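Me: I've got a structure open and want to talk it through before I set anything up. Can you walk me through it?

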Amino acid sequence: LNAKAAIFALEELFEEWGKRYPVMLSVTVTDASGRTLSGQTVEAFWNSVAHAAPLAVGINCALGAKEMAPYIEELSRIADTYVSCYPNAGLPNAFGEYDDTPENMATILREFARAGWLNIVGGCCGSTPAHIQKILESVTPFAPRRIPEIVPAMRLSGLEPVTLQGKLPSLFIVGERTNVTGSPRFRKLVKEGNLDEALQVARQQVENGANMIDINFDEGLLDSESCMREFLNLVASEPDISRVPVMIDSSRWSVIETGLRCLQGKGVVNSISLKEGEAVFLQQARLIQRYGAAVVVMAFDESGQATSREDKVCICKRAYDLLRSQLDFNPNEIIFDPNILTVATGMEEHNDYAIHFIEATREIK
């Protein structure tokens, strides 16, 4: 979350200056579990920050060069940018000194370079000029890592990564019980101010197979921004819940943005539309991009909600073209909601809603 906040701040500065500068990101894997201090895996971290399009991403500090090997290998495989590696000279001893010798550290990093994992290499805590000299000598014979071609996909994350690519083997399930309009029990607990117990609803969703949880506090008597902030902070403290991505669901932009500020993973905003015009649509989409989230776009424009196949397709295409041409929004992170609307009501004007939805979905895909 700190890294995402720093990225957001830099993007604001670049916009203010009218000029971009290269950005380098680095993360520390804190123990043999292969996770960051806040619990993310390396791939989940990369999914969370890849929207920054950094010059380089890497791993620093931590346990020493030898223990860093599997995580640098993973990062070198998944990152479509340069990879940096600068480990500690081992772990500090009882006197706060570092025991890994220049020769040993250089020998380990030589194997990283031989394997083609590195573009940038150096030393972190405990490194001396002698360490850096030996590292230089050891890696010089090898070519820098070649940046891999990454297959396009929607890549989300909580503490763990989620990849949506091609035809999925099964349904991708969004749990909607952490939604005041989707669960009477959740709504009652939230209205009572009992967010700790409401957290159990989220836990049950994940335990029962939800791949993502949808969180919504749109209720007239609630302070929706405060509820969203407090609940997401509670979710973040529960690894068995926060391992999955979050869908921030609201019809109010202030609530959505409050949620985006709390999310360390790569989540999804549900939703934005063209109902307030192109300027508002693009402003919100630009901020979603800056916060590093995917987005649901509803088939809704200045004239209202699309009901016919033609209108659904036309609005979705218009929104897509705006996102791509004006913001270069990642096309893999645009989700369309063509509005199924009401079915089986007995009202003649509703008779074609279902088939229009199915036909529009087919055409959009």
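Me: Okay, which elements do the buried residues of α10 pack against?
Reply: This is a predicted model, so keep that in mind throughout. The buried residues of α10 pack against α8 (224-236), β9 (246-249), β10 (268-272) and α11.

Me: And which residues of α10 are buried?
Reply: Trp253, Val255, Ile256, Glu257, Thr258, Gly259 and Leu260. That makes seven of the eight residues of the helix (residues 253-260), so α10 is largely enclosed by the rest of the structure.

Me: Let's zoom out. How many helices and strands are there in the protein?
Reply: There are 13 helices and 14 strands. The protein has 365 residues, and 47% of them count as buried. Along the principal axes, the C-alpha atoms fill a box of roughly 80 × 45 × 45 Å.

Me: What share of the contacts comes from residues 24 or more positions apart?
Reply: 71%, taken over contacts with a separation of 6 or more.

Me: Now the core. Which residues have the most contacts inside the largest nonpolar core?
Reply: Val190, Phe217, Phe231, Phe281 and Ile288, in a core of 53 residues. Apart from that one lies another core, of 34 residues, with Val49, Val57, Tyr71 and Leu118 among them.

Me: What does Phe217 touch, not counting residues up to four places away in sequence?
Reply: Val180, Phe186, Val190, Leu222, Ser224, Cys227, Met228, Phe231 and Asp249.

Me: Cys227 caught my eye there. How many disulfides does a search of the whole structure find?
Reply: Zero. For Cys227, the nearest cysteine sulfur is that of Cys262, 12 Å away. Cys227 is also buried, with a relative accessible area of 12%.

Me: What about Cys125, why is there no bond to Cys61?
Reply: The two sulfurs are 3.9 Å apart, which is too far for a bond, because a disulfide needs the pair within 2.5 Å. Cys61 does hold the closest cysteine sulfur to that of Cys125.

Me: Is Cys125 buried, exposed or partly exposed?
Reply: Partly exposed, at a relative accessible area of 28%.

Me: Switching to Asn60. Where does Asn60 lie?
Reply: In strand β2, which covers residues 56-61. Asn60 counts as buried because its relative accessibility is 14% and the cut-off is under 20%.

Me: And what is Asn60 in contact with, leaving aside neighbours within four places in sequence?
Reply: Ser26, Val27, Thr28, Met68, Tyr86 and Cys124. Take Thr28: in sequence, Asn60 and Thr28 are 32 residues apart, yet C-alpha to C-alpha they are 5.4 Å apart in space.

Me: Last topic, pockets. What volume does the second largest pocket have?
Reply: About 920 Å³. Lining that pocket are 35 residues, and the closest to its centre are Ala50, His51, Ala53, Asn330 and Glu333.

Me: Which elements give two or more residues to the lining of the second largest pocket?
Reply: α1 (2-17), α2 (42-49) and α11 (278-291). The largest share comes from α11, with three residues.

Me: So α11 turns up again. What's the lining of the second largest pocket like by class?
Reply: Its lining has 18 nonpolar, seven polar and ten charged residues. And yes, α11 is also one of the elements that the buried residues of α10 pack against.

How values were computed. Residues are numbered from 1 along each chain as its sequence is written. This is a predicted model: local features need pLDDT of at least 70, side-chain atom pairs count only at pLDDT 80 or more; totals for chains, interfaces and linings use all residues. Side-chain values use heavy atoms; hydrogens and water are left out. On a 1 Å grid over the protein atoms alone, a cavity is a set of points where a 1.4 Å probe fits but cannot get out, and a pocket is an open set with protein on both sides within 12 Å along at least five of seven lines; lining residues have an atom within 4 Å of a point. Grid points are joined across faces, edges and corners, and a volume is the space filled by probe spheres set on the points. Helices (H or I, at least four residues) and strands (E, at least two) are DSSP runs, numbered from the N terminus. Ala, Val, Leu, Ile, Met, Phe, Trp, Tyr, Cys and Pro count as nonpolar, Asp, Glu, Lys and Arg as charged, and the others, Gly among them, as polar. A nonpolar core is a set of buried Ala, Val, Leu, Ile, Met, Phe, Trp, Tyr and Cys residues joined through side-chain atoms within 4.5 Å. Buried means under 20% relative accessible area, exposed over 50%, partly exposed in between (1.4 Å probe, protein chains only). Contact means heavy atoms within 4.5 Å.
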